[in-house]
Amino acid sequence: MPQPLSDEQQQQQHTYSAQTMDERQPLNHRHATTTMSESETGNINKPLELTDKDKETLASYVRKCDRRLLLYLCIGYGLDSINKMALSYAKVAGLTDDLGLSGDDINVALGAYYLGSFLFQLPSNVMLKQTRPRWWLSASMAAWSTVTMLMALSKTPGDLAGLRFAFGAVQAGYLTGSLYYISYWYPRDLVRRRTGWFFASAGVGGILVGPLCSGLSTIHSPHIASWQLIFIVAGACSAIWSTLGPRILQDYPDTATFITDDERQLVLRIMVRQNTVASTQSVSLRQIAMAVADRKVWLWTIIDFCANGATQVNGMFGPTIIASQGFSTVAAQAMTSLTNLMSTTGMASIAYVAHFTGGSARALWISNAITALGFVLALTSRSNAASLVALFMFSFASPQPAAHAPAWMLANLQGNTKPAMAAAFSSAVGGLGPLATAFVYRDKDSPRYVLGHSVCLSMTILAAVATLVLYIILRRENARRDRSPADISHLTPEQVLDLADNHPDFRYKL
């Protein structure tokens, strides 16, 4: 069996796993994805040097997807961030006093979201494959927007916690659903950067939510409280955006109306050969089991769990931590725009850091090192200035693994079902990281928050260790496949497709 090209060779030659040059005939996509011939399955993961015309066609296709689909998803995720962070800003805008919150009431409400998200992640991604993606993603956004606005009607701590749980449940499908949706449309080598931009949009939402809530907090009305306005305005913005989803989003490349036939044919050939076409393939129970049993998926999940826990310190407690340094409520809300700007910069830059350092693992080690230093400074500092510097440090670096680990995982998974299930599993379990964070940043620990910072420092170290172990596993597996190519000529086309990333010609990206 011929040795496959390395990732570097594929990048240098602008190659993709696509159909060979002499096979470039109009493709009946539905036939190709369900009854692929032996000759076609034999070309899975085989490289192809694109012609100049192919490169121009692919570039045109990618630009259209970026400007239409990715832009809509990014704005939606930015609005999602505003909705999630609304509770943190409402807390310092009078919510605590009006609802009589005490002790761990606010922590329970914050944690309820992550519990709801955890329970509904897997079912949501199954529904994404069983329904039309554009309708499912739009409906998810409309549902969470409605729940956010209903939080303005909360009268008791129980009301607030129940609505936060409901918010997590209906919002569960948007994050992993969007990540999987991106993999529907982009060749494998382009996924990581797009998911980086997607995650960075949450930081943009964080930049906007500070001034927005700061302004709403200055509105005094005998009919409605400032914290109620925060929930209503945040929910209304995303509700309006959700109505545009069915018009802007489209389900799959093979049915898209905004691309040309040449673009469609090229990207479908690429997707078929990468075994990433999703439009006509049914759920594979074998690939679901593969996703859950894959130790690599578990390691990515550990990284996601730890990174999410550290990342949400700024999202859940940023205004509280800043206010504990002696700043007013309005000033604390406004200053979080700066920490959220740091988060956005970190998430947007991580894909480029991975490119220049030679791989995702190295990029994650760097970000974990900066995050750890930030938490160490927060634990050892005795001045307000040093505490704020520490907040800026881990606000910048901690979101990077949270943004890049899922992208790294999706770039290293293949198959019609395994990537979706792995993304849902990793997001569900990894999403429990902030649930732990919600209960370790206690008001009684203000202003140093020793318990919270210590827990997040430990999680950051664990993420770095998991990254190292994962790097070793991927590197050894690539070397094993180079050294001992497997013969799969006896397998049927369906069995070859079900190999997913266990295909002997598949190589993991480090």
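## Reading a helical chain, feature by feature

Guide: Among contacts in this chain between residues at least 6 apart in sequence, 85% join residues at least 24 apart. Please keep in mind that the model is predicted.

Visitor: Thanks! How many helices and strands are there in the chain?

Guide: The chain has 21 helices and two strands. Of its 510 residues, buried ones make up 60%.

Visitor: How should I read a nonpolar core, and which residues have the most contacts inside the largest one?

Guide: The general idea is that in soluble globular proteins, nonpolar side chains tend to be buried together. Here the largest nonpolar core holds 119 residues, and those with the most contacts inside it are Leu73, Leu95, Trp185, Tyr186, Phe198 and Tyr441. Helix 4, residues 52-99, supplies the largest share of this core, 20 residues.

Visitor: Which residues does Phe198 touch, leaving out those up to four places away in sequence?

Guide: Phe198 touches Leu73, Cys74 and Tyr77, and also Tyr174, Leu175, Ser178, Leu179 and Ile182. For reading such a list, it helps that an α-helix has 3.6 residues a turn, so residues three or four places apart point the same way.

Visitor: Back to helix 4. Where does helix 4 bend?

Guide: Helix 4 bends at Lys91, by about 75°. After helix 4 comes Gly100, with a positive phi near 65°.

Visitor: How do I read a positive phi at a residue that is not a glycine, such as Tyr449?

Guide: As background, most residues other than glycine have a negative phi, and most peptide bonds are trans. Tyr449 is not a glycine, yet its phi is positive, about 50°. Tyr449 sits in the loop between helix 19 (433-438) and helix 20 (450-483).

Visitor: Is Tyr449 buried or exposed?

Guide: Tyr449 counts as buried because its relative accessible area is 2%, and the cut-off for buried is under 20%.

Visitor: Now a helix pair. At what angle do helix 5 and helix 6 pack?

Guide: Helix 5 (residues 105-130) and helix 6 (residues 133-150) pack at about 145°, and their axes are 8 Å apart. Their crossing is right-handed.

Visitor: Which residues meet there, in helix 5 and in helix 6?

Guide: From helix 5 come Ser124, Met127 and Leu128, which meet Pro133, Trp136 and Leu137 of helix 6. The residues of this contact divide into five nonpolar, one polar and no charged.

Visitor: Let's try helix 7. Which residues does Phe165 touch, beyond those up to four places away in sequence?

Guide: Phe165, in helix 7 (residues 157-185), touches Ala112, Tyr113, Leu115, Gly116, Leu119 and Phe120. The C-alpha atoms of Phe165 and Gly111 are separated by 8.2 Å, although the two residues are 54 apart along the chain.

Visitor: Why does Phe165 count as partly exposed?

Guide: Phe165 counts as partly exposed because its relative accessibility is 29%; that class runs between the 20% and 50% cut-offs.

Visitor: And Tyr184, is that residue buried or exposed?

Guide: Tyr184, which also lies in helix 7, is buried, with 3% relative accessibility. Tyr184 and Asp251 are 67 residues apart in sequence, and 8.8 Å apart C-alpha to C-alpha.

Visitor: One last residue: where is Leu468 placed?

Guide: Leu468 is in helix 20, and at 41% relative accessibility it counts as partly exposed. Between the C-alpha atoms of Leu468 and Ala361 the separation is 7.2 Å, with their positions 107 residues apart along the chain.

Technical notes:
Residues are numbered from 1 along each chain as its sequence is written. This is a predicted model: local features need pLDDT of at least 70, side-chain atom pairs count only at pLDDT 80 or more; totals for chains, interfaces and linings use all residues. Side-chain values use heavy atoms; hydrogens and water are left out. Helices (H or I, at least four residues) and strands (E, at least two) are DSSP runs, numbered from the N terminus. Buried means under 20% relative accessible area, exposed over 50%, partly exposed in between (1.4 Å probe, protein chains only). Contact means heavy atoms within 4.5 Å. A nonpolar core is a set of buried Ala, Val, Leu, Ile, Met, Phe, Trp, Tyr and Cys residues joined through side-chain atoms within 4.5 Å. The bend at a residue is the angle between axes fitted to the seven residues ending there and the seven starting there. Axes are lines fitted to C-alpha atoms, for helices over the stretch in contact, and angles run from 0 to 180 degrees between N-to-C directions. A crossing is left-handed if the near helix is turned anticlockwise from the far one by less than a right angle, and right-handed if clockwise. Ala, Val, Leu, Ile, Met, Phe, Trp, Tyr, Cys and Pro count as nonpolar, Asp, Glu, Lys and Arg as charged, and the others, Gly among them, as polar.
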